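Please walk through this model with attention to how its helices pack against one another, where space is left inside it, and how far its coordinates can be trusted.

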Number of protein chains: 2
Amino acid sequence: MTPAAPAPSDKAFVPFVSVADMMRLVHHVGLDEMLRRLAARIEDDFRRWQSFDKTPRVAAHSPVGVIELMPTSDGEAYGFKYVNGHPRNTRAGLQTVTAFGLLADVATGYPVLLSEMTLLTALRTAAMSAVAARHLAPAGARTMAMIGNGAQAEFQCRAMQAICGIDAVRLYDIDRAATEKCARNLADSGLSVTACDSPEEAIEGAQILTTCTADKRNATILTDNMVGAGVHVNAIGGDCPGKTELATAVLQRSSIFVEYPEQTRIEGEIQQLDPDHPVTELWQVIAGTAPGRRSASEITLFDSVGFAIEDFSALQVVRAAIAGTAFYQPLDLLADPDDPRDLYGMLRRAGGTPAA
Amino acid sequence: MTPAAPAPSDKAFVPFVSVADMMRLVHHVGLDEMLRRLAARIEDDFRRWQSFDKTPRVAAHSPVGVIELMPTSDGEAYGFKYVNGHPRNTRAGLQTVTAFGLLADVATGYPVLLSEMTLLTALRTAAMSAVAARHLAPAGARTMAMIGNGAQAEFQCRAMQAICGIDAVRLYDIDRAATEKCARNLADSGLSVTACDSPEEAIEGAQILTTCTADKRNATILTDNMVGAGVHVNAIGGDCPGKTELATAVLQRSSIFVEYPEQTRIEGEIQQLDPDHPVTELWQVIAGTAPGRRSASEITLFDSVGFAIEDFSALQVVRAAIAGTAFYQPLDLLADPDDPRDLYGMLRRAGGTPAA
């Protein structure tokens with residue numbers, strides 16, 4: 001800025017949480033506590049599901065990936081997430097999924113938070129899975145099979161530990177190096193960690209089966225005979241058209257719970273089923289208007305694809321958590337002239353030309 | 001960041017152009033040159049109109065305003081703008097419209113530019129008006145009536161001067177203070193400036209009539225008898241449902257040019273007309289596949305509402321202009337672990353806990 005330029009007013013600044021700030025914030029709050037806050041906020045927001053605008057996500061597809069905008073609003077705050085999905089990115093040393101998000105004040109339209117959401121999405125996805133498991137997993141579940149040991153795996157394990165009382169995880173990935181990475185990262189977590197050589201070995205004795213693989217095709221990570229009575233299946237990786245992880249027969253035997261049916265029928269495991277196959281909306285279970293698990297032998301399935309309200313909840317948690325901390329920087333994102341009609345005058349003055 | 005945290009890699013950083021940087025950039029490039037570059041890029045992009053994804057904007061309405069996301073892509077780059085419209089904001093000393101935007105690489109989904117767009121939108125809207133006038137205004141047009149002297153007014157005047165050769169502007173606003181502000185700001189612009197007491201006085205001798213008022217209702221800024229043969233009407237302020245500025249009879253006598261008919265029929269002046277009233281898409285005029293002005297006596301009307309491709313063009317101009325300058329800052333927006341699958345390990349290491 002030139003010496004003549006007046007400093008922007010407070011209204012011009014939007015708090016920005018960088019990746020480094022998000023990592024500092026998580027360490028400051030503590031990972032367990034952060035996951036619990038995310039789970040609590042997601043439950044609160046799911047309980048008032050009907051007060052949200054539920055716009056379908058806006059996707060721009062290309063041959064190599066997709067870029068999506070996921071907006072929602074509860075009438076007081078507006079949030080959206082930018083997220084891409086580019087499976088081949090890892091070949092170039094890039095993340096498959098990166099994201100950032102924004103909260104704004106509906107009354108003025110002014111943004112009030114801009115945040116990285118690559119890390120935050122991993123955290124909220126794990127918290128969401130734990131919320132679903134808390135309502136659906138069999139009583140006394142202690143062991144989880146974690147099939148697919150990529151970027152999301154450790155977060156899933158830690159959330160199930162912090163929120164659902166899981167104390168043992170059994171890891172499997174088609175790439176042994178991924179399993180070893182995951183086991184290393186969880187070595188001091190307090191979880192009992194077992195690296196397995198097959199999906200069959202991973203599910204031995206597990207009450208929760210989490211699938212989170214990256215392959216972009218209709219795969220069969222869980223075959224019909226692998227899923228016994230009474231387990232809870234937490235299916236994360238079937239999350240876009242043409243990408244599923246479960247045998248159709250598993251779906252047929254399960255009570256299926258989803259976030260937003262309109263989206264899940266296109267993107268989730270249930271894209272394999274008839275469009276009128278019965279599913280339960282998870283928010284109704286949380287609100288107490290629909291049953292969750294009904295018997296010890298029932299197979300429950302959370303067909304997770306991720307929904308905008310979860311991102312809204314996560315941004316609200318971050319907004320509350322950074323208040324009074326140094327874990328954000330003020331970003332000069334909004335032009336805010338002293339006289340709102342004098343944008344040109346503000347520009348003039350910034351150049352050192354005094355207004356006449 | 002704690003001492004133990006590794007510095008983010010280059011891939012983690014997105015160039016960010018703040019409001020202060022945008023003002024410095026405009027002064028560095030020069031306002032006239034900036035407007036000319038915007039006009040040139042808009043023309044280039046309109047000429048290849050059919051290579052763009054044209055998604056309708058995604059709007060979240062509330063009783064006091066609207067928040068919109070405007071995405072588009074040409075298959076190589078993806079852009080979107082966040083923009084709000086809150087007419088009552090000025091009462092609280094806030095801008096009616098604020099905006100920011102983003103460009104991303106379609107091949108990877110990674111953002112490559114984040115920029116303020118409140119100022120940039122004012123610049124691109126003015127450049128767009130000048131592009132339309134260059135193709136539609138009568139030959140030798142030198143005088144413009146500028147009705148509505150709010151935040152956009154000076155930019156309209158300067159763009160018409162820089163790009164279309166206008167040398168005189170006649171200002172009118174229902175609020176005399178706005179006209180005085182506008183006249184003051186243009187005092188050293190090289191334009192001959194006349195402050196007028198009525199819309200009728202403002203249009204005397206003008207070949208281009210620009211309307212840009214803020215009132216959110218169906219107003220009649222230009223009545224039928226005010227619009228004579230041969231003029232070009234540049235209608236900016238009729239830009240959302242229920243907000244128009246022109247008498248229907250003016251529309252009936254005009255050859256009407258629009259950006260994107262699907263959007264303009266909802267938001268523009270032509271919301272007053274039958275849904276099949278003939279209009280010409282401006283990109284066809286620029287591409288040479290449809291005629292612009294056909295006679296000296298024709299009334300041409302550019303029914304401007306603003307379209308996502310114009311924002312895409314503007315972001316591309318900024319992206320090119322900041323290369324090699326100091327008018328941006330690198331923003332740590334993207335998590336970029338050394339191993340894309342090891343997001344958790346990146347978080348661990350940021351807390352000073354070495355990976356095992």
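In this predicted model, helix α11 of chain A, residues 343–350, and helix α3 of chain B, residues 118–136, have axes that come within 11 Å and cross at roughly 110°. Since angles of 65 to 115 degrees count as roughly perpendicular, α11(A) and α3(B) are therefore roughly perpendicular to each other. On the chain A side the contact is made by A:Leu343, A:Met346 and A:Leu347, and on the chain B side by B:Thr118, B:Leu119 and B:Ala122 of α3(B). Sorted by character, the residues of this contact between α11(A) and α3(B) comprise five nonpolar and one polar, with no charged residue.

Helix α11(A) also meets helix α1 of chain B, residues 19–29, and here the axes come within 9 Å and cross at roughly 70°. The pair α11(A) and α1(B) is therefore likewise roughly perpendicular. From α11(A), the residues A:Met346, A:Leu347, A:Arg348 and A:Ala350 meet B:Val19, B:Met23, B:Val26 and B:His27 of α1(B). The contact of α11(A) with α1(B) divides into six nonpolar residues, one polar and one charged.

Within chain B, helix α2, residues 31–47, and helix α4, residues 153–164, have axes that come within 9 Å and cross at roughly 75°, and α2(B) and α4(B) are therefore roughly perpendicular to each other. The residues that make this contact are B:Leu31, B:Asp32, B:Leu35, B:Arg36 and B:Ala39 of α2(B), together with B:Arg158, B:Ala159, B:Ala162 and B:Ile163 of α4(B). Six of the residues in the contact of α2(B) with α4(B) are nonpolar and three are charged, while none is polar.

We turn next from the helices to enclosed space. Rolling a probe the size of a water molecule over the atoms shows where empty space is left. The count comes to one cavity of 30 Å³ or more, and the largest cavity has a volume of about 50 Å³. Its lining draws on both chains, with A:Val58, A:Ala59 and A:Ala60 from chain A and B:Asp53, B:Thr55, B:Pro71, B:Thr72, B:Ser73 and B:Tyr78 from chain B. Strand β3 of chain A (58–62) and strand β4 of chain B (65–73) each supply at least two residues of the lining of the largest cavity. That lining divides into five nonpolar residues, three polar and one charged.

A last point concerns confidence. Chain A has a mean pLDDT of 92, with 95% of its residues at 70 or more. Over residues 1–5 of chain A, however, pLDDT stays under 50, and for this stretch the model has 10 contacts beyond four places in sequence. Where pLDDT is low, the predicted coordinates should not be read in detail.

Key: Residues are numbered from 1 along each chain as its sequence is written. Chains are lettered from A and ligands numbered from 1 in the order in which they are written. This is a predicted model: local features need pLDDT of at least 70, side-chain atom pairs count only at pLDDT 80 or more; totals for chains, interfaces and linings use all residues. Side-chain values use heavy atoms; hydrogens and water are left out. Axes are lines fitted to C-alpha atoms, for helices over the stretch in contact, and angles run from 0 to 180 degrees between N-to-C directions. Helices (H or I, at least four residues) and strands (E, at least two) are DSSP runs, numbered from the N terminus. Angles under 35 degrees count as roughly parallel, over 145 as roughly antiparallel, 65 to 115 as roughly perpendicular and the rest as oblique. Contact means heavy atoms within 4.5 Å. Ala, Val, Leu, Ile, Met, Phe, Trp, Tyr, Cys and Pro count as nonpolar, Asp, Glu, Lys and Arg as charged, and the others, Gly among them, as polar. pLDDT is the predictor's confidence in each residue, from 0 to 100. On a 1 Å grid over the protein atoms alone, a cavity is a set of points where a 1.4 Å probe fits but cannot get out, and a pocket is an open set with protein on both sides within 12 Å along at least five of seven lines; lining residues have an atom within 4 Å of a point. Grid points are joined across faces, edges and corners, and a volume is the space filled by probe spheres set on the points.
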